[in-house]
Amino acid sequence: MTQTAFYNDHAHDITTIDTGFMRPRLAASHLLLAQRHAAFIDVGTTWSVPRLLQVLQEKQIAPEQVDYVIVTHVHLDHAGGAGALMQQLPNARCVVHPRGARHLIDPTQLINAAIAVYGEEAIRKNYGDIIPIPSERILMAEDNFTLDFRQRTLRFLDTAGHARHHFCIFDEMSQSFFTGDTFGISYREFDTPRGAFIFATTTPTQFDPKALHESIDRLLSYQPQKIYLTHYGEVQNIAALAENLHASIDTLISLTEIAVTKTTNPTEQLQILTHLILEHFHFQLQQQCCHVEKSYADDLLTMDAELNAQGLLYWQSRR
């Protein structure tokens with residue numbers, strides 16, 4: 001593996017690109033090459049587009065040689081920049097889950113939903129303008145759809161649980177998955193000799209624990225060599241990580257039940273649950289022999305704890 005300031009090259013012509021979202025190594029785009037052509041999997045925000053184009057230039061791949069822009073799901077940290085990127089790639093088609101396609105063609109509802117969660121000022125600052133994609137440039141990938149990317153076969157699996165408009169992509173060449181948010185979050189700052197620290201992401205509004213358990217098991221059935229996460233990068237020892245993810249989902253459900261029994265006030269429930277999740281993260285880090293300062297871990301994990309708490313309470317309210 002080779003590394004530059006903001007991207008890492010892996011085996012099998014796979015590159016992890018830091019999209020520059022919020023902080024270093026929070027969100028990634030993955031670039032695949034085949035026969036001097038390219039495909040992006042997840043693309044970050046509109047602000048990420050110059051970085052992606054820079055990597056193409058450094059690898060001497062012309063914008064006309066990008067065949068596909070693939071988004072695992074339409075959450076803005078994964079797909080917010082798809083429209084702006086497509087404007088720079090004249091021959092590319094955008095591959096998206098059938099449930100997500102309409103949101104890329106007309107992103108109005110997607111933007112309004114994000115504003116409801118994060119606020120309008122934060123959306124404009126962090127994501128920029130969300131550009132629509134013409135419907136004729138959209139390719140919808142149903143469950144088990146296979147894409148022949150220059151004789152590099154990519155298989156798309158419907159993997160609900162984090163979102164109903166989510167798929168994961170199995171790359172037959174590398175025997176690896178690109179999993180968006182289905183296989184959780186693992187920040188490289190917490191890696192130790194014991195491996196990667198990982199946890200489930202339960203953000204609003206479509207978290208479904210049963211479906212997420214099933215999706216993780218489905219990925220595991222392919223016995224992948226590696227998994228490439230949008231948050232963040234390459235992980236190995238997949239069976240052990242999957243076991244940790246299953247436990248993470250169950251623990252988050254238990255913590256939610258504790259929070260809602262303490263108070264019926266939604267604001268207080270959110271505060272309590274966020275605190276419980278952060279404490280659980282710290283316990284996991286101790287089990288991982290990751291001895292970072294608590295304040296440093298809080299800086300990196302508080303946003304995820306709050307978003308997880310919001311998604312869990314929304315799920316609890318709909319049960």
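**Exercise 1. Locate Tyr232 and say what is unusual about the peptide bond leading into it.**

Start with the place: Tyr232 sits in the loop between strand E13 (226–229) and E14. Keep in mind that we're working with a predicted model. Next, check the bond from His231 to Tyr232: this peptide bond is cis, with omega near 0°.

**Exercise 2. Which residues does the cis bond with omega of about 5° join, and where is Thr205 found?**

Omega first: the value of about 5° belongs to the cis peptide bond that joins Pro204 and Thr205. Then the place: Thr205 is in the loop between strand E12 (176–178) and helix H7 (209–220).

**Exercise 3. Take a look at phi of Asp42 and place the residue in the chain.**

Phi is positive here, about 60°, even though Asp42 isn't a glycine. As for its surroundings, Asp42 belongs to the loop that runs between strand E5 (37–41) and helix H1 (49–58).

**Exercise 4. Work out the order of the six-strand sheet and explain which strands are left with a free side.**

Step one, the order: E9-E10-E11-E12-E13-E14, an open sheet with mixed pairing. Step two, the edges: strand E9 (145–149) and strand E14 (233–235) each have a single partner strand, so one side of each has no neighbour in the sheet. Step three, the twist: on average, neighbouring strands of this sheet are turned by 25° against each other, direction ignored.

Now zoom in on one pair. Strand E10 (residues 152–158) and strand E11 (residues 167–171) run antiparallel and share five bridges. Within this pairing, Phe156 has Ile169 of E11 opposite.

**Exercise 5. Compare the reach of helix H10 with the expected value, then find where H10 bends.**

Helix H10 (residues 294–318) counts 25 residues, and at 1.5 Å a residue you'd expect 36 Å. From first C-alpha to last, H10 reaches 34 Å, close to that expectation. The bend comes at Leu301 and amounts to about 50°.

**Exercise 6. How do helix H8 and H10 cross, and which residues make the contact?**

Begin with the axes: those of helix H8 (residues 238–262) and H10 come within 10 Å and cross at roughly 70°. Angles of 65 to 115 degrees count as roughly perpendicular, so that's what H8 is to H10. Now the contact: H8 supplies Leu252, Ile253, Thr256 and Val260, while H10 brings Asn308, Leu312, Leu313, Trp315 and Gln316. Finally, sort the residues of this contact by type: six are nonpolar, three are polar and none is charged.

Terms used: Residues are numbered from 1 along each chain as its sequence is written. This is a predicted model: local features need pLDDT of at least 70, side-chain atom pairs count only at pLDDT 80 or more; totals for chains, interfaces and linings use all residues. Side-chain values use heavy atoms; hydrogens and water are left out. Two strands pair if DSSP finds at least two bridges between them. Helices (H or I, at least four residues) and strands (E, at least two) are DSSP runs, numbered from the N terminus. Axes are lines fitted to C-alpha atoms, for helices over the stretch in contact, and angles run from 0 to 180 degrees between N-to-C directions. The expected span of a helix is 1.5 Å times one less than its number of residues. The bend at a residue is the angle between axes fitted to the seven residues ending there and the seven starting there. Angles under 35 degrees count as roughly parallel, over 145 as roughly antiparallel, 65 to 115 as roughly perpendicular and the rest as oblique. Contact means heavy atoms within 4.5 Å. Ala, Val, Leu, Ile, Met, Phe, Trp, Tyr, Cys and Pro count as nonpolar, Asp, Glu, Lys and Arg as charged, and the others, Gly among them, as polar.
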